[in-house]
Amino acid sequence: MKIAVVSARLHEAGTVGGAETLLYAFALDAVRLGHEVDLLCTCATDHRTWENSQPPGVFARDGMTVRRFPVDSRDIGRFARLQIDLSRGWRLSRDEQEEWLRQGVNSTPLVEWLRSGKGGYDRVITGPYLFGLVAEVCRAVPDKVLLAPCFHDEVFARVEALHDAFRGIRGFLFNTDPERELAHRLMPGLSPKVEAVVAMGIEPFEVSKTAFARRTGITAPYVIYSGRREEGKGTPILIDFLNAYRRRTGRDVHLVLTGSGDVALPPSLAPAVHDLGFVSEEEKREAMAGAVAFVHPSVNESLSIVVLESWLARTPVLVHAKGVVLKWQCESSCGGLWFKSYPEFEEELTTLLDDPGTAAKLAEQGRRYVLRRYAPDAVRERFRAALEA
Amino acid sequence: MTTERQTAPAISIGADGIDVHALVERILDTVADKRAAGVYDDEVVARAERNNLLLLQDDAQFMEQYLACLRQIVPVDINDFDIVERRGALAPVLVRLKKAIWKLLKFYTYRLWSQQNQTNAVLLAAIEIMQRRHKAEISELNERVEALEKLVKG
């Protein structure tokens with residue numbers, strides 16, 4: 001089979017988002033399954049400006065052919081205005097929706113390449129759902145497209161122009177069951193040929209629980225969060241809750257952060273926060289392994305890889321109950337607890353701190369779940385079935 | 001069509017396993033008991049919920065939680081406070097200066113914030129009254145709907 005994977009940006013470790021990482025993992029899996037793979041991407045590397053910072057061209061990488069196409073020129077001001085209107089929950093007219101998609105990231109040469117049929121592709125895999133480029137790919141070769149939408153329950157997912165573009169495609173590669181259920185809620189009557197929950201494989205690892213403390217000298221019990229720090233990820237809630245926990249209980253629980261983004265810390269919490277910024281995978285895993293819990297208060301996730309990694313590091317997780325996918329991950333694995341308010345957070349964190357046996361069992365249940373569901377072989381098998389369906 | 005259900009728990013709960021639903025339920029019971037006992041009637045808790053409340057606006061218990069937080073933080077603290085200074089050698093002088101400034105401003109801030117506190121209290125009372133009325137109205141409507149449904153079913 002000849003497969004095209006369309007990703008807005010070429011995957012470079014640590015520089016692209018989760019969806020682009022997922023698409024690259026699909027491309028690698030397709031190569032491992034013996035397929036001929038073209039990775040089609042744009043010349044852009046910055047997801048804010050989408051400027052053509054790399055030259056167009058064709059080159060080989062990781063057993064696949066990478067074809068890089070220039071991004072169309074765009075009116076960023078117009079895009080921003082429409083994006084803000086959407087974010088406010090305002091309804092855009094059909095023309096405005098199309099305009100929003102056009103002024104987002106697009107590449108006419110890439111879409112024309114697909115439309116021309118010169119690549120001879122049997123399947124075209126693309127995502128995530130909210131790029132103009134992705135909508136255009138779906139319109140260009142609908143019967144070949146397998147979309148990895150990475151849907152979140154947010155205003156952008158309710159744009160009808162996107163729904164129309166997705167209705168006729170071959171199928172979907174979802175990350176979780178809740179994501180698939182969300183797709184059906186958003187697009188009633190959806191009946192694609194392929195509707196698979198595939199997700200991303202994670203290589204199992206073993207890591208020492210004490211290595212982080214030895215290396216950094218941080219001996220106080222701590223909770224950890226890894227990833228972007230921003231409002232949408234619930235970082236302010238984590239800061240507020242941990243600050244309140246320390247003040248109310250008098251317990252010296254610290255917070256370790258890895259990843260990027262500014263975070264406003266109250267003076268009383270600042271001395272107990274260790275912001276490590278970007279760290280190596282090994283360092284991140286060591287930090288996870290030493291934590292009392294991985295806390296993820298985001299309510300907009302389509303699958304949390306860091307939660308899966310945390311379980312592999314034998315650390316239980318605490319998530320926000322309003323985060324449908326994260327709560328589902330905890331329910332499916334029995335590897336974590338969920339809270340909806342500060343008092344619940346306080347009780348759950350205290351349980352994990354005071355009852356290490358329970359914490360260890362939760363973590364072990366999570367680890368067993370990841371090994372079973374997200375082992376690379378298991379994921380590749382689900383992917384193969386979706387490709388061949 | 002390729003579909004695979006993932007909703008079943010990854011493990012069966014046995015003697016060694018932990019049922020997270022049961023554990024969360026137990027924790028919720030503990031929270032409910034402590035809430036009833038006033039353990040969380042605390043300004044620190046109310047302030048901790050400020051960002052979280054935005055996520056709960058569609059929740060059935062949102063108004064109750066919102067009002068519980070509001071009750072804790074609605075009065076602005078207008079009392080005297082400890083005046084401290086960390087800048088080493090200058091600290092005694094700066095503390096005396098700050099105390100003098102506070103003495104001059106105290107009357108005016110007291111007047112300003114006591115009026116604000118009156119406004120806050122009235123607003124809180126109004127919201128609580130509206131909430132009680134809405135609850136009573138909804139409960140009455142539910143009873144009427146139930147009665148009508150019974151009537152229709154015969």
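In strand β14 of chain A, Phe339(A) is the bridge partner of His320(A). I begin with this pair, and I should say at once that the model before you is predicted. The pair belongs to a wider arrangement: β13 of chain A, residues 317-320, and β14(A) run parallel and are joined by four bridges.

Let us step back to the sheet. Which strands form it, and in what order? Six strands of chain A make up an open sheet, and reading across it one passes β11, β10, β9, β12, β13 and β14. The pairing is parallel. From one strand to the next, the twist averages 25 degrees. Why do β11 and β14 of chain A each have one side without a neighbour in the sheet? β11 (273-277) and β14 (336-339) stand at the edges and each has a single partner strand, so one side of each is left free of a neighbour in the sheet.

I turn now to the domains of chain A. The assignment gives domain 1 as residues 2-201 together with 375-388, and domain 2 as residues 211-373. Taken over C-alpha atoms, the centres of domain 1 and domain 2 of chain A are separated by 30 Å. Where the two domains touch, domain 1 of chain A supplies 16 residues and domain 2 of chain A supplies eleven. On the domain 1 side, the element that gives the most is helix α7 of chain A, residues 177-186, with three residues. By class, that side of domain 1 of chain A holds seven nonpolar, five polar and four charged residues.

Next, chain B. Its secondary structure comes to five helices and zero strands, so to speak of its order from the N terminus is to read α-α-α-α-α. Of the 154 residues in chain B, 10% are buried. Among contacts in chain B between residues at least 6 apart in sequence, 59% join residues at least 24 apart.

Finally, the two chains together. How many residues does each chain bring to the contact? Chain B brings 34 residues and chain A brings 45. On the side of chain B that touches chain A, the elements giving two or more residues are α1 (20-36), α2 (43-48) and α3 (52-55) of chain B. Helix α1(B) gives the most to this side, with nine residues. The side of chain B that touches chain A divides into 17 nonpolar, nine polar and eight charged residues.

Definitions and conventions. Residues numbered from 1 in each chain as written. Chains lettered and ligands numbered in written order. Predicted model: local features only at pLDDT ≥ 70, side-chain atom pairs only at ≥ 80, totals over all residues. Buried ≥ 20, exposed ≤ 12 C-beta atoms within 10 Å, placed from the backbone. Contact = placed C-beta atoms within 7 Å. Domains from an automatic or database assignment. Nonpolar A, V, L, I, M, F, W, Y, C, P; charged D, E, K, R; others polar. Pairing = 2+ DSSP bridges. Axes fitted to C-alpha atoms, helices over the stretch in contact; angles between N-to-C directions.
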